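Visitor: Could you walk me through this structure and show how each label is earned?
Guide: Gladly; here it is.

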Amino acid sequence: MSARITVPGLLVVAKAAARAGADVLARRWTGHHPAVPLGIEEIGAETKSSGSDWVTDYDRRAEQAVRQVISGYRPSDEITGEEYGATLPAEPSGYRWSIDPLDGTTNFVRGLPQFCTSVAVWGPDARGEGRWLAGAVVAPGLGRTWYASADGGAFSTVDASTAGVHAPDRAEPVRLTGPVPGRSGRLLATGFGYDPARRALQVRALAALLPAFGDVRRIGSAALDLCMVADGTLDAYAEFGTQEYDWAAGALVAEEAGVAVTRPASADGTAHPDWMVAGDVDAAALAAVMGEMA
């Protein structure tokens with residue numbers, strides 16, 4: 001059984017694991033121009049639920065790299081990942097890692113830089129209460145890392161070692177404080193599912209929310225949406241039916257940046273879809289849409 005470690009210690013593991021996954025994804029640039037979409041034969045891509053829902057060999061290798069780091073540090077911790085499901089040790093420690101090795105796979109395949117590796121850990125805090133304790137999101141195409149720990153704040157750094165980024169490496173971490181209050185032309189981020197019925201609901205919800213915003217952005221990665229709300233690039237985010245591994249790390253980053261966060265009631269966004277919300281979003285408008293669709 002793994003010994004209980006401090007939250008800063010868990011954050012070290014989260015950052016190392018997310019970096020390991022992102023390093024695998026960064027190889028996508030090796031020998032290829034980053035703006036040129038890769039062919040199926042080059043990345044071992046196949047579709048899951050629809051023609052736009054991809055999984056690649058990079059997803060699998062990145063998750064293997066993330067799992068190797070976590071298991072090396074914390075062999076008795078449970079791991080739940082997008083590609084390989086749940087791994088439960090014989091003597092569980094009580095800590096569970098939620099990982100998305102490649103959030104934004106379609107962007108990755110098409111040569112868009114908005115993709116990342118997301119890693120977060122849930123477990124008992126100093127009072128013995130279960131909560132999200134640490135999380136990290138590394139976006140190699142953007143040269144950015146976001147991370148947070150429970151009651152420790154949220155931060156971001158620039159990573160010049162990432163392909164295509166020209167900036168001072170290992171810059172001092174910047175503490176995140178969320179969107180600028182009272183800013184005009186607010187930006188709302190959202191996403192759309194692959195199921196036609198779910199997409200119709202999401203479109204109706206977007207129409208209900210848009211009057212309170214200047215414009216909308218569809219980044220293609222829930223983890224990055226949440227991190228960009230945390231650093232003030234975006235003002236709010238709302239999406240229906242995301243999975244826990246999509247939002248686990250990003251929601252903690254946003255929360256620790258002082259952003260109001262509402263997580264889905266269930267980790268399973270397929271069987272029990274719910275809203276993942278960060279920032280100033282009209283909850284009554286979302287409830288009204290859900291009522292109409294019931």
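**How the labels are earned**

Visitor: Why is Cys227 called buried?
Guide: Cys227 has 0% relative accessibility, and buried means under 20% relative accessible area, exposed over 50%, partly exposed in between, with a 1.4 Å probe and protein chains only. Therefore Cys227 counts as buried. Please note that this is a predicted model, where local features need pLDDT of at least 70 and side-chain atom pairs pLDDT 80 or more, while totals for chains, interfaces and linings use all residues. Residues are numbered from 1 along each chain as its sequence is written, and side-chain values use heavy atoms, leaving out hydrogens and water.

Visitor: What makes helix α6 mostly covered?
Guide: Nine of the nine residues in α6 (residues 222-230) are buried, including Leu224, Cys227 and Val229. Helices are DSSP runs of H or I with at least four residues, strands are E runs of at least two, and both are numbered from the N terminus.

Visitor: Why is there no bond between Cys116 and Cys227?
Guide: A disulfide is a pair of cysteine sulfur atoms within 2.5 Å. The sulfur of Cys116 lies 7.0 Å from that of Cys227, its closest cysteine sulfur, so the two are too far apart for a bond. Across the whole structure, the search finds zero disulfides.

Visitor: Is Asp151 buried or exposed, and how do you know?
Guide: Asp151 counts as exposed because its relative accessibility is 61%. This residue sits in the loop between β8 (144-149) and β9 (153-158).

Visitor: What is notable about the phi of Asp151?
Guide: Its phi is near 65°, a positive value in a residue other than glycine. Most residues other than glycine have a negative phi.
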